[in-house]
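Here is a small set of exercises to work through at your own pace. Keep the sequence and the model open beside you, and try each task before reading its solution.

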Amino acid sequence: MNLENSSIAPNDVALLQSVLDAWCRHQKISRKDATAEAKILINEYRRGARSQIGLIDALAKQQ
């Protein structure tokens, strides 16, 4: 299966969005300037991360 073209379930989109929103608020950056962070979240999701903590940890490691 090609994970790069696989769809993301609506509930998981909401999860990714909530993590990105929280990260942006905490880091005081606008969402439109958080494309690198969004890519990290999507990549971690595709690797199997499905928890807020796991996704936030992935962002923190990239800082």
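Five exercises follow, each with a worked solution.

Before you start, note that this is a predicted model, in which local features need pLDDT of at least 70, side-chain atom pairs count only at pLDDT 80 or more, and totals for chains, interfaces and linings use all residues. Residues are numbered from 1 along each chain as its sequence is written, and side-chain values use heavy atoms, with hydrogens and water left out.

**Exercise 1. The overall build**

Task: Find the order of the elements in the chain, and work out how compact the chain is for 63 residues.

Solution:
- Step 1. Start with the DSSP runs, where helices are H or I with at least four residues and strands are E with at least two, numbered from the N terminus. The chain has three helices and zero strands, and the order from the N terminus is α-α-α.
- Step 2. The chain has a radius of gyration of 11 Å, close to the 11 Å from the globule rule for 63 residues, so it is as compact as a globular protein of that length. Here the radius is taken over C-alpha atoms, and the rule is 2.2 Å times the number of residues to the power 0.38.
- Step 3. For the extents, the C-alpha trace spans about 35 × 20 × 20 Å along its principal axes.
- Step 4. Now look at the cover: 25% of the 63 residues are buried. Buried means under 20% relative accessible area, exposed over 50%, and partly exposed in between, with a 1.4 Å probe and protein chains only.
- Step 5. Take contacts, meaning heavy atoms within 4.5 Å. Among those between residues at least 6 apart in sequence, 49% join residues at least 24 apart.

**Exercise 2. A residue with a positive phi**

Task: Locate Lys-28 and decide whether this residue is buried or exposed.

Solution:
- Step 1. Lys-28 sits in the loop between helix H1 (10-27) and helix H2 (35-46).
- Step 2. Its phi is near 55°, a positive value in a residue other than glycine. As background, most residues other than glycine have a negative phi.
- Step 3. Lys-28 counts as exposed because its relative accessibility is 76%.

**Exercise 3. The salt bridges**

Task: Search the whole structure for salt bridges and describe each pair.

Solution:
- Step 1. The criterion is a side-chain nitrogen of Lys or Arg within 4 Å of a carboxyl oxygen of Asp or Glu. The search finds two salt bridges.
- Step 2. One pairs Arg-31 with Asp-21, with the closest N and O atoms 3.1 Å apart. Arg-31 lies in the loop between H1 and H2 and Asp-21 in helix H1, so this pair ties together parts that are ten residues apart in sequence.
- Step 3. Check the exposure of both partners: Arg-31 is partly exposed at 43% relative accessible area, and Asp-21 is partly exposed at 21%.
- Step 4. The other pairs Arg-47 with Glu-44, with the closest N and O atoms 2.6 Å apart. Arg-47 is exposed, with a relative accessible area of 62%.

**Exercise 4. Two buried acids**

Task: For Asp-12 and Glu-37, find the nearest side chain of opposite charge, then list the contacts beyond four places in sequence.

Solution:
- Step 1. Count Lys and Arg as positive and Asp and Glu as negative, leaving out His and the chain ends.
- Step 2. Asp-12, in helix H1, is buried and has no salt bridge; Arg-50 is the nearest opposite charge, 4.0 Å away. Its contacts beyond four places are Tyr-45 and Arg-50.
- Step 3. Glu-37, in helix H2, is also buried without a salt bridge, and its nearest opposite charge, Lys-39, is 9.6 Å away. Beyond four places, Glu-37 contacts Leu-20, Trp-23, Ile-29 and Leu-59.

**Exercise 5. Ala-49 and Gln-52**

Task: Place Ala-49 and Gln-52, and find how far each lies from a residue 36 places away in sequence.

Solution:
- Step 1. Ala-49 is in the loop between H2 and helix H3 (52-61), and is buried at 16% relative accessible area.
- Step 2. From Ala-49 to Val-13 the C-alpha distance is 13 Å. Leaving aside neighbours within four places, Ala-49 is in contact with Glu-44 and Leu-55.
- Step 3. Gln-52 is in helix H3 and partly exposed at 46%.
- Step 4. From Gln-52 to Leu-16 the C-alpha distance is 8.1 Å. Not counting residues up to four places away, Gln-52 touches Leu-15, Ser-18 and Val-19.
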